[in-house]
Amino acid sequence: MKILVIEDEKLLADSIQALLEAKGFTVDCVYDGEAGVDYAALGVYDLLILDVMIPKLDGYQLARSVRAQHCGTPILMLTARDALEDRVEGLNAGADYYLTKPFDSRELLACINALLRRQGGQVDELVLGNTALELGSCMLVCGEQRVRLSAKEFDVMRCLLQAKDSILPKEVILAKVWGYDSNAVENHVEVYVGFLRKKLQRIGSNVRISAIRRLGYHLEVAESC
């Protein structure tokens, strides 16, 4: 599971990140609303956690912008503003839950788990052919065979599965997995696709990662012999 934290108080952002990573989540942090919109648009996050009082775009504006882009990712708002009018504005802006500061870490985790459960079966795994990608465990599964993926392998495989029949350009994978501000190049994508091909073969998967020259990659299910 991948979570984006948008919080300008760096100490708080870091503490939330440490808490969630200890629970097995992958967490990215950004510190202003404009960066939050850019990262949310990547479409790789299962949940957005955002403060209301952040620079450049406040949390309400950020939520409205995300929803205007038809992004259905759950949004959990964190704020010290606890007036009824503030909660109503947050929910109307597109938030799914509104948690006031200070909050207990147990309450935060309970809210996160509740929001993730609402997404249904898609939260648990992505399936193609005889193979499943378990989103909670980062395991690639084929029958009784299982292999754990690294964080980057998981993100690349997830992008390919979510693209379904579409061809996914290398530059899109770079942006979604490594981020806009990364120094990664297309060769990084090729390397991780190579890792994934070996792991798919190892577990007997009938899923193949096909390269389309000058366009990108897409997944195919091999026909049975």
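This report walks through the aromatic pairs, the nonpolar cores, a cavity and some backbone oddities of one predicted model.

Residues are numbered from 1 along each chain as its sequence is written, and side-chain values use heavy atoms, with hydrogens and water left out. Since the model is predicted, local features need pLDDT of at least 70 and side-chain atom pairs count only at pLDDT 80 or more, while totals for chains, interfaces and linings use all residues.

**Aromatic rings**

Let's start with the rings. A pair of aromatic rings is described by the distance of the centres and the angle of the planes. Here, rings of Phe, Tyr and Trp (its six-membered ring) pair if their centres lie within 6.5 Å; planes under 30 degrees apart are stacked, over 60 edge-to-face, and the rest tilted. That rule gives two aromatic pairs.

| Pair | Centre to centre | Angle of planes | Type |
|---|---|---|---|
| W178 and Y192 | 5.7 Å | 65 degrees | edge-to-face |
| Y192 and F195 | 5.3 Å | 80 degrees | edge-to-face |

W178 sits in helix α7 (residues 170-178) and Y192 in helix α8 (residues 186-202), so their pairing ties together parts that are 14 residues apart in sequence. Helices (H or I, at least four residues) and strands (E, at least two) are DSSP runs, numbered from the N terminus. Y192 and F195 are both in α8, three residues apart, or about one turn of the helix. Put together, W178, Y192 and F195 make one aromatic cluster.

How accessible are these rings? For this, buried means under 20% relative accessible area, exposed over 50%, and partly exposed in between (1.4 Å probe, protein chains only). W178 counts as buried at 15% relative accessibility, and F195 as partly exposed at 36%.

**Helix α7 and the cores**

W178 has buried company in α7: K170, I173, L174, A175 and V177 are buried too. Among the elements covering the buried residues of α7 are β1 (2-6), α6, α8 and β11 (216-221). Just after the helix, G179 takes a positive phi of about 90 degrees.

I173 also turns up in the largest nonpolar core (buried Ala, Val, Leu, Ile, Met, Phe, Trp, Tyr and Cys residues joined through side-chain atoms within 4.5 Å). This core has 55 residues, and M77, M157 and I173 touch the most other members. Its largest share, seven residues, comes from α6. Leaving aside neighbours within four places in sequence, I173 is in contact (heavy atoms within 4.5 Å) with V156, L160, L168, W178, V189 and Y217. Another core, of 20 residues, lies apart from it and includes F25, L99, L115 and L116.

**The cavity lining**

What lines the largest cavity? The residues are V44, D155, R158, C159, Q162, K176 and V177 (each has an atom within 4 Å of a point on a 1 Å grid over the protein atoms alone, where a 1.4 Å probe fits but cannot get out). The largest share of that lining, four residues, comes from α6.

**Backbone oddities**

K101 and P102 are joined by a cis peptide bond, with omega about -10 degrees. P102 is in the loop between β5 (97-100) and α5 (105-117).

K56 has a positive phi near 75 degrees without being a glycine; K56 is in the loop between β3 (47-51) and α3 (59-68) and is exposed, at 58% relative accessible area. R214, not a glycine either, has a positive phi of about 65 degrees. R214 falls in the loop between β10 (207-212) and β11 and is exposed at 78%.

How values were computed:
On a 1 Å grid over the protein atoms alone, a cavity is a set of points where a 1.4 Å probe fits but cannot get out, and a pocket is an open set with protein on both sides within 12 Å along at least five of seven lines; lining residues have an atom within 4 Å of a point.
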